[in-house]
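Reader: Could you take me on a close look at one part of this model? I would like to follow a single helix and the charged side chains on it, and then see what lies around them.

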Amino acid sequence: MSALSEEEQLDNLKSFSKKYGSAIVSGILIALIAFFGWEYWQKKTLAENQMSTAKVQQLMDDANAANGANAFNDLSATADKIVKEAPDSAQAIQTQFLMAKLAFDKGDYAAAEKALKKVENSKVKDDGLIQVLKLRLAYAQLAQKKYDESLKTLTAVTDPAFKATAEEARGDVYVAKNDVENAKKAYKSAWDVLLERKQERQILQIKLESVGVLVDDPDVERPVLNTQVEAS
């Protein structure tokens, strides 16, 4: 722990929030959820159904090619049709993940939240997928300064595989609220989980330092790079 005063810690917190806040709400940190479970789910889904129906793949292709003022609404209508046809499927959630991402990309966080809420109560038999859904929803709410709603959404992230991510997300919410003490607790909880797993998370270390908590670099084995250059 550092010896920074509360005033200095709050100044650091505000500085951190100003510097990295755009990254939080733009979805960069949401993408990092992959580190704690998204890759697991994606590989599992690919193995089981190869991204499933041609309809989902077509929607993804259409999204890549979309342009114009009405493109998002057209894609949303297609996504809603997929959800209506199979509301409790992984494919329904995939479509809304895509719509949420598109909404994030254009800064429409309310639309991102709306897209995710359409499948929030899905009965799909994949706990990992539901946990990712809750995490993304929490960040969509955070981006709109719906702090209490975001914290409530995070209470549904209970799978141990996502504990570090959920605690870090809580810390992000408390940062936005200028709640130094609770931000410390949440980030430190996430850090402790990572230490136990022997995993690195440099951005989390930066966040901890921003609220006045200094931690040692984790003792993690890293690959040794061969820097020798063969003679030509």
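Author: Here is a walk along helix α10 and its charged pairs, followed by the core and one further helix.

A word on the basis: this is a predicted model, in which local features need pLDDT of at least 70 and side-chain atom pairs count only at pLDDT 80 or more, while totals for chains, interfaces and linings use all residues. Residues are numbered from 1 along each chain as its sequence is written, and side-chain values use heavy atoms, with hydrogens and water left out.

Let us start with E168, which lies in helix α10 (helices are DSSP runs of H or I with at least four residues, strands are runs of E with at least two, and both are numbered from the N terminus). E168 has a relative accessible area of 3%, so it is buried (buried means under 20% relative accessible area, exposed over 50%, and partly exposed in between, with a 1.4 Å probe and protein chains only). Setting aside neighbours within four places in sequence, E168 is in contact with Y139, Y187, A190, R201, I203, L204 and K207 (contact means heavy atoms within 4.5 Å).

One of those partners deserves a second look. K207 and E168 form a salt bridge, their closest N and O atoms being 2.7 Å apart (a salt bridge is a side-chain nitrogen of Lys or Arg within 4 Å of a carboxyl oxygen of Asp or Glu). This pair links distant parts of the chain, with K207 in helix α12 and E168 in helix α10, 39 residues apart. K207 is at 1% relative accessibility and therefore counts as buried. Side chains of opposite charge can pair when their charged atoms come close.

Next door in sequence, E167 has two partners of its own. K163 forms a salt bridge with E167, with 3.9 Å between the closest N and O atoms. K163 and E167 are four residues apart in helix α10, so about one helical turn separates them. K163 has a relative accessible area of 37% and is partly exposed, whereas E167, at 14%, counts as buried. The other partner is R170, whose side chain meets that of E167 in a salt bridge at 3.1 Å, N to O. R170 and E167 are three residues apart in the helix, so here too the separation is about one helical turn. Both R170 and E167 are buried. By this rule the count comes to 13 salt bridges, and K117, E120 and K134 are linked in a network of them.

Now to the nonpolar surroundings. The largest nonpolar core has 52 residues, and those with the most contacts inside it include Y187 and L204, both of which are also in contact with E168 (a nonpolar core is a set of buried Ala, Val, Leu, Ile, Met, Phe, Trp, Tyr and Cys residues joined through side-chain atoms within 4.5 Å). Among the elements that give two or more residues to this core are α10 (163-176) and α12 (202-210), while the largest share, eleven residues, comes from α8.

Finally, α5 also gives two or more residues to the core. Its buried residues are A71, F72, L75, S76, A79, I82 and V83. They cover an arc of only 120° around the axis, which puts them on the same side of α5 (the arc is that of the directions from the helix axis to the C-beta atoms). On the other side of α5, D74, K81 and K84 are exposed.
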